[in-house]
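Dear colleague,

Please find below the structure that I am handing over to you. My findings follow it, for you to read alongside the sequence.

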Amino acid sequence: MLAVAGLVGLLAPGAAMPSRLGAVLMSGAGVAWGVYSLRGRDAPDPLAATAGNFVRCLPLVLVLTAWASPAVSVTAEGVAWAMISGTLASGLGDVAWYAAVSRLATTTAAVAQLSVPVLATVAGVVLLGESWTPGQLAAGTATLAGVALVAAPRPSR
């Protein structure tokens, strides 16, 4: 509860009610990530599994890009940056997650995901020169404390 309360405190100041379609799409993304994580628990080679996942999604990416191309500007430079970003940020992140999730209890893995917005906020402070507000600091601390409470080993009885 502490982690969820911290997360709400971290995200609520800038939050707006999403549209129904947006809420459905976000819920679908959350379910898809959960399935992805559970399937990744049994991956013997996280790098090969992630590379295979990226290759399997390419047809969908190409179809969606072709569909959206009249409404957006697609440049070679933009495609290159998207590929670099996808490979480094998403790809390496997914490899690390697949390697970690196999060693975590399901509940611990689920709660650990709550730390992602905190880590993104810290990255904004460190890499982009953004500043912490006292509320963000308190909410981030609460979120990480809640995650730590769930992840901490339980004493034997």
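The notes below go from the overall fold to individual residues.

Please bear in mind throughout that this is a predicted model.

Overall architecture

The chain contains seven helices and zero strands, so that its elements, read from the N terminus, run α-α-α-α-α-α-α. Along the principal axes, the C-alpha trace extends over about 60 × 40 × 35 Å. Of the 157 residues in the chain, 22% are buried. The accessible surface amounts to about 11000 Å², and carbon and sulfur atoms account for 73% of that area. Where contacts join residues at least 6 apart in sequence, 80% of them link residues at least 24 apart. As for charge, the chain carries 7 positive and 5 negative charges, whose mean positions lie 17 Å apart.

The nonpolar core and its surroundings

The largest nonpolar core consists of five residues, namely Ala3, Leu7, Val111, Leu114 and Val147. One of these, Val147, touches Ala3, Val111, Ala112, Leu114 and Ser115, with residues up to four places away in sequence not counted.

Thr143 belongs to helix H7, which covers residues 134–151. Is Thr143 buried or exposed? With a relative accessible area of 0%, Thr143 is buried. Beyond its neighbours within four places in sequence, Thr143 is in contact with Leu2, Ala3, Gly6, Leu7, Leu114 and Val118. Ala3, Leu7 and Leu114 are members of the core described above.

The aromatic residues

A search of the whole structure yields three aromatic pairs. In one, the rings of Trp33 and Tyr36 have centres 5.2 Å apart and planes at 25°, and the pair therefore counts as stacked; the cut-off for stacking is an angle under 30 degrees. Both residues sit in helix H2 (residues 20–40), and because they are three residues apart there, about one helical turn separates them. Their exposure can be stated for each in turn: Trp33 is partly exposed at 30% relative accessibility, whereas Tyr36 is buried at 17%. The threshold that applies to Tyr36 is 20%, under which a residue counts as buried. Ring pairs also bring in Trp97 and Tyr98, which form a cluster with Trp33 and Tyr36.

Residues that touch the aromatic cluster

Two further residues have contacts with members of this cluster, and I describe them in turn.

Thr50 is located in helix H3, residues 46–68. Its relative accessibility is 3%, so Thr50 counts as buried. Which residues does Thr50 touch, when those up to four places away in sequence are not counted? They are Tyr36, Gly91, Asp94, Val95 and Tyr98. Tyr36 and Tyr98 both belong to the ring cluster.

Leu104 is found in the loop between helix H4 (76–101) and helix H5 (106–112). With a relative accessible area of 25%, Leu104 is partly exposed. Leaving aside neighbours within four places in sequence, Leu104 is in contact with Arg41, Trp97 and Ala109, and Trp97 is part of the ring cluster. Leu104 and Leu38 are 66 residues apart along the chain, and their C-alpha atoms are separated by 11 Å.

In short, the model shows a chain of seven helices, a largest nonpolar core of five residues and a cluster that links Trp33, Tyr36, Trp97 and Tyr98.

With kind regards

How values were computed. Residues numbered from 1 in each chain as written. Predicted model: local features only at pLDDT ≥ 70, side-chain atom pairs only at ≥ 80, totals over all residues. Heavy atoms only, no water. Helix = DSSP H or I, 4+ residues; strand = E, 2+ residues; numbered from the N terminus. Buried < 20%, exposed > 50% of the residue type's maximum accessible area, 1.4 Å probe, protein only. Contact = heavy atoms within 4.5 Å. Areas by Shrake-Rupley, 256 points an atom, 1.4 Å probe, with all protein chains shown as cover. Lys, Arg positive; Asp, Glu negative; His and termini not counted. Charge placed at Lys NZ, Arg CZ, Asp CG, Glu CD. Core = buried A, V, L, I, M, F, W, Y, C linked by side-chain atoms within 4.5 Å. Phe/Tyr/Trp six-rings, centres within 6.5 Å; stacked < 30°, edge-to-face > 60°.
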